[in-house]
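Reader: I am new to this structure and would be grateful for a close look at a single part of it. Please explain each term as it arises.

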Amino acid sequence: PILDDQGVVIEIQSSARDTTRRKLAEAALRESEQRYRAVVENQSDLVSRSTPDMTLTFVNDAYCRYFNKSRDELIGKSFLLFVPDEAHEQIRAKYADILRNPGVRTDQRRHFTEDGGIRWLEWTNNPILNERGELIEMQSTGRDITDRKRAEDERNEYIQRLEILQRLDAELSQTLKLDYVLEMALDAAVRMSGGQAGAIHLIEDDGRVRVAQVIGD
């Protein structure tokens with residue numbers, strides 16, 4: 001408004017600015033965010049975003065279900081609260097490494113369930129940088145690999161047993177001394193069973209039982 005000396009409005013001056021581009025950009029951004037959320041929410045992997053100090057800023061539905069927490073219980077909290085204490089130092093070291101040398105990192109860590117069980121999660125951490133190359137957020141994708149870990153452990157155990165049996169066979173083929181054969185057999189049995197002690201008993205001709213070999217207490 002333009003006023004005269006008595007304060008009466010004598011004219012109104014107006015200016016206008018075309019905001020079409022800004023409106024279109026805002027609409028495109030909203031649409032892009034909606035598409036992103038739709039993709040993220042519809043996958044089974046755990047997805048989260050966190051600040052450099054490890055405070056959660058976003059979690060998808062799968063993340064909430066896995067940790068049995070609501071978004072309100074997670075957003076604004078450090079994700080270290082939901083990680084075993086034993087892993088805290090390792091995670092801080094990995095974050096420090098990413099801060100120094102931004103790049104995608106993958107690691108595995110244990111998760112203790114509410115019923116006392118142990119699960120394994122594989123996390124892929126993707127740093128989000130600003131125009132100056134500074135870390136502003138970390139997007140993390142987690143996947144439960146418990147079944148894969150168990151299969152790998154079973155495979156490694158099977159390979160270890162085969163190696164023990166091969167060594168045992170090679171050594172026994174070189175001798176027929178009973179005491180040595182029993183010693184090697186007992187050693188292999190204890191190692192393959194994961195035991196801490198073991199013994200071999202022999203039944204004599206008169207029916208008495210004799211301890212032939214002992215390992216451990």
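Author: The account below concerns one helix, the spaces in the structure and the residues that line them.

This is a predicted model, in which local features need pLDDT of at least 70 and side-chain atom pairs count only at pLDDT 80 or more, whereas totals for chains, interfaces and linings use all residues. Residues are numbered from 1 along each chain as its sequence is written, and side-chain values use heavy atoms, with hydrogens and water left out.

The helix is H4, residues 88-100. Helices (H or I, at least four residues) and strands (E, at least two) are DSSP runs numbered from the N terminus. The expected span of a helix is 1.5 Å times one less than its number of residues. The 13 residues of H4 should therefore span 18 Å, and the end C-alpha atoms lie 19 Å apart, which agrees.

His-88, Ile-91, Tyr-95 and Ile-98 of H4 are buried; here buried means under 20% relative accessible area, exposed over 50%, and partly exposed in between, with a 1.4 Å probe and protein chains only. These four buried residues cover an arc of only 90° around the axis, which puts them on the same side of H4; the arc is that of the directions from the helix axis to the C-beta atoms. An α-helix has 3.6 residues a turn, so residues three or four places apart point the same way. Glu-89 and Arg-100 are exposed on the other side of H4. The cover over the buried residues of H4 includes strands E3 (46-50), E5, E6 (118-129) and E7 (135-144), with contact meaning heavy atoms within 4.5 Å.

H4 also contributes to an enclosed space. On a 1 Å grid over the protein atoms alone, a cavity is a set of points where a 1.4 Å probe fits but cannot get out, while a pocket is an open set with protein on both sides within 12 Å along at least five of seven lines; lining residues have an atom within 4 Å of a point. Grid points are joined across faces, edges and corners, and a volume is the space filled by probe spheres set on the points. The structure holds 1 cavity of 30 Å³ or more, and the volume of the largest cavity is about 170 Å³. Of the 18 residues in its lining, Phe-79, Val-83, Ile-91, Arg-109 and Trp-123 lie nearest the centre. Two or more lining residues come from each of H2, H4, E5 and E6, and E5 gives the most, with 4. The lining of this cavity has 10 nonpolar, 4 polar and 4 charged residues, where Ala, Val, Leu, Ile, Met, Phe, Trp, Tyr, Cys and Pro count as nonpolar, Asp, Glu, Lys and Arg as charged, and the others, Gly among them, as polar.

Val-83 lines the largest pocket as well, and the lining there also includes Asn-68 and Phe-112. About 200 Å³ of space lies in that pocket. Helix H2 (61-67) and strand E5 (105-112) each give two or more residues to the pocket lining, which divides into 6 nonpolar, 3 polar and 2 charged residues.

Phe-112 belongs to strand E5 and is partly exposed, with a relative accessible area of 36%. Beyond residues up to four places away in sequence, Phe-112 touches Pro-84, Glu-86, Gly-117 and Ile-118. Asn-68 sits in the loop between H2 and helix H3 (71-74) and, at 52% relative accessibility, counts as exposed. The phi of Asn-68 is near 55°, a positive value in a residue other than glycine.
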